[in-house]
Amino acid sequence: MLKKPSKLWLHICIFGSLILTCLGLIFTGYSYQSANDEAIQLAKMQLTKVNNCVSDLLTLEINHTIHEFDNYASEAYSNNIHIPKQLNIDNNLKQLIDENKSAFSAIYLFQSNGTFQDGYQLDSQQHLVKTAEPSIVQRDILFEQAFEKELQNGKAYFDEKRHASYLNIYYYLKNEQKQLIGVIILQIQLEKLFMHKIRNNDDLQGYSMVKNMNMEIVMHPVPEQVGLTIVEKRQEKFPTLDYSDLKHLKSEQQNKESGSMVYNSYWWTKKDYKQVKKVAVFKRIKIGKEIWIVASNTDLQRQTNLFSKDLLTVLGLLAIILAISILAFLNLRAYMRRNFAYNEHQRIIAQYEMEQQKNELEKTILRESKLETIGLLTTSIVHDMNNFLTPLIGNLELMMENYHDNPEIIEELNEIHLAAKRGQNLSKQVLNFSKTQNTEIHLININKAVKDATDTISLLAPKGIQIFFNDSHEIFQILLSKEELQVILYNLITNSIQAMKNHGKIFISIKKAQNELLAEFRQHSYIYKNKQFVAISVKDTGPGIPEDFREKIFEPFFTTKYEKGGTGLGLYIVQSLVNKNDWLLTFTSNENGSQFTIGIPIE
């Protein structure tokens with residue numbers, strides 16, 4: 001007797017999965033703090049790279065602007081001869097402003113004593129227009145000093161109404177004695193330069209900004225922040241916010257060249273002003289006399305969330321492992337039950353198939369037995385009929401000799417003699433078919449053999465059947481058995497007559513196979529590749545063969561005409577004779593009728 005399977009391993013695996021899950025939870029909790037510190041360090045490293053990139057890019061843009069301005073001005077006033085007595089802004093410099101609207105806002109020309117001479121600025125529609133007097137260019141705290149000694153640039157200054165910041169670039173015009181005769185000032189709008197060429201809009205949880213040493217915001221993603229100090233002026237505008245950490249950040253940035261800090265602040269790019277924990281990296285850069293602090297920050301929670309997500313992922317994986325372990329064993333038990341049921345089902349199916357095969361084998365044996373019995377009976381009947389016809393034919397021939405002078409009697413005796421000979425030939429054909437002996441073959445006229453068969457069956461056809469024969473203009477002489485060919489035609493025509501219920505038309509034709517029909521014959525075998533064929537077709541106007549029966553019509557004893565005495569042997573005999581002579585047989589059928597075509601190779 002089989003023992004009941006033990007559940008020991010099932011319990012061991014379940015408890016093992018629980019222990020592994022608990023250990024995973026302990027390990028995850030222990031490593032979370034170190035992962036959080038690592039996230040801060042990683043954020044600082046990434047921000048340092050970003051901040052260095054912004055610093056270098058800003059320095060490069062300002063220096064490039066100064067260099068480009070010098071080149072344009074030098075070309076416009078290349079020597080003393082080209083400096084007119086009445087100073088004005090050269091068209092090249094106007095073009096410089098027009099081509100760099102994303103950074104420049106105005107250009108002015110002052111005399112050496114500081115008196116305004118000429119100027120152009122961009123209006124609200126970004127069109128360069130002549131201005132009667134400078135707007136805010138004199139707010140640069142180094143403006144007066146620029147007329148006393150040469151400066152590359154001034155310091156940042158602001159237009160509070162427009163929330164804009166500016167920087168003056170100076171170019172000095174001198175005469176042949178190297179005396180100062182004028183100063184050209186290019187006004188850069190820093191906020192536009194920052195927004196157009198430096199700011200990265202892809203990261204909405206972090207940004208870069210620029211401040212001067214007074215902690216005034218020079219460049220910021222939010223224009224309303226420009227001109228504010230990071231603590232005092234912000235506190236005036238947003239008095240309810242907490243600035244304690246920002247005061248500490250201000251002290252750090254004023255006293256150190258570079259550094260980093262984790263602090264609480266707000267996302268000024270949003271309107272809800274919720275306090276968040278940030279990590280910031282800052283660095284000083286020098287532009288002429290101006291010193292700026294470039295700072296980049298990001299949301300620390302966003303960085304640590306990556307590790308929090310990893311923690312949740314680990315916990316989720318552990319939970320999944322536990323669930324999978326339990327489900328695996330439950331599924332294993334269910335699988336064993338299903339597998340047993342499946343095997344039992346397969347056994348029943350196999351037994352059923354064996355019974356079906358047994359029944360089919362019994363049917364085949366019975367069918368073969370019936371064929372053998374019919375063959376014996378047919379042979380006996382045909383043999384006896386041939387014995388009856390032999391003396392009949394002999395007596396008819398004697399009577400024809402005796403009454404050769406009487407045309408009327410001779411005509412009738414000829415018809416009886418012809419019918420008896422056809423019966424004798426048919427009996428010989430049946431005997432030849434029932435016996436496995438070679439049939440006599442002769443070189444015959446296919447056209448005449450087909451026509452004779454058509455004429456014979458036409459005499460026996462019901463009155464409602466019309467049979468038409470379409471002969472070929474080409475005569476085909478082929479070595480074969482005339483009787484076997486006519487037996488095939490008799491069976492095909494008889495099958496058509498029965499299918500049309502004794503009312504319809506039958507078309508019999510003979511021609512040389514061409515085009516698609518020839519290609520179809522040649523595809524049956526390699527030996528037919530280069531052969532030519534005679535095609536003999538029998539076509540009727542009956543209802544056609546149903547699709548369900550088309551694969552069975554050549555099986556012995558298969559018939560749909562039991563009530564009319566059908567035996568199911570007609571098409572079986574046709575296919576047997578076709579295969580015996582290595583001919584080809586094709587058929588098509590639809591609701592308008594059926595057509596059988598015999599292909600006989602031409603030697």
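Reader: What is the relative accessible area of Phe110, and is Phe110 buried or exposed?
Author: This is a predicted model. Buried means under 20% relative accessible area. Phe110 counts as buried, because its value is 0%.

Reader: Which kind of aromatic pair do Phe110 and Phe116 form?
Author: The ring centres are 5.6 Å apart. The planes meet at 70 degrees. Planes over 60 degrees apart count as edge-to-face, so the pair of Phe110 and Phe116 is edge-to-face.

Reader: Which residues form one aromatic cluster with Phe110 and Phe116?
Author: The structure holds 15 aromatic pairs. Phe110 and Phe116 belong to one cluster. The other members are Tyr108, Phe143 and Phe147.

Reader: How many residues apart in sequence are the parts tied together by Phe238 and Trp268?
Author: Phe238 and Trp268 are both buried. Their pair is tilted, with 5.7 Å centre to centre and 40 degrees between the planes. Phe238 lies in the loop between α4 and α5, and Trp268 in the loop between β9 and β10, so the pair ties together parts whose separation in sequence is 30 residues.

Reader: Which charged residue sits over the ring of Trp267?
Author: The charged end lies 4.1 Å from the centre of the Trp267 ring. A charge over a ring must be within 6 Å of the ring centre. The residue is Lys278.

Reader: How far apart are the end C-alpha atoms of α5, against the expected span?
Author: Helix α5 covers residues 244-255, which is 12 residues. At 1.5 Å a residue, the helix should span 16 Å. The model agrees, with end C-alpha atoms apart by 17 Å.

Reader: Within what arc do the buried residues of α5 fall?
Author: The buried residues are Leu246, Leu249, Lys250, Glu252 and Gln253. An α-helix has 3.6 residues a turn, so residues three or four places apart point the same way. Seen down the axis of α5, the buried residues line one face of the helix, because they fall within an arc of 165 degrees.

Reader: Which strands and which helix do the buried residues of α5 pack against?
Author: The strands are β7 (206-212), β9 (258-266), β10 (275-287) and β11 (290-299). The helix, at residues 232-237, is α4.

Reader: Which helix gives the largest share of the largest nonpolar core?
Author: This core has 40 residues. Those with the most contacts inside it are Leu58, Ile62, Phe69, Ile184, Leu190 and Trp292. The largest share is seven residues, from residues 8-76, helix α1.

Reader: How many residues are in the second, separate core?
Author: Ile457, Leu492, Ile497 and Leu571 are among its members. The total for this second core is 38 residues.

Conventions
Residues numbered from 1 in each chain as written. Predicted model: local features only at pLDDT ≥ 70, side-chain atom pairs only at ≥ 80, totals over all residues. Heavy atoms only, no water. Helix = DSSP H or I, 4+ residues; strand = E, 2+ residues; numbered from the N terminus. Expected span 1.5 Å × (residues − 1). Buried < 20%, exposed > 50% of the residue type's maximum accessible area, 1.4 Å probe, protein only. Arc of directions from axis to C-beta. Contact = heavy atoms within 4.5 Å. Core = buried A, V, L, I, M, F, W, Y, C linked by side-chain atoms within 4.5 Å. Phe/Tyr/Trp six-rings, centres within 6.5 Å; stacked < 30°, edge-to-face > 60°. Lys NZ or Arg CZ within 6 Å of the ring centre and 35° of its normal.
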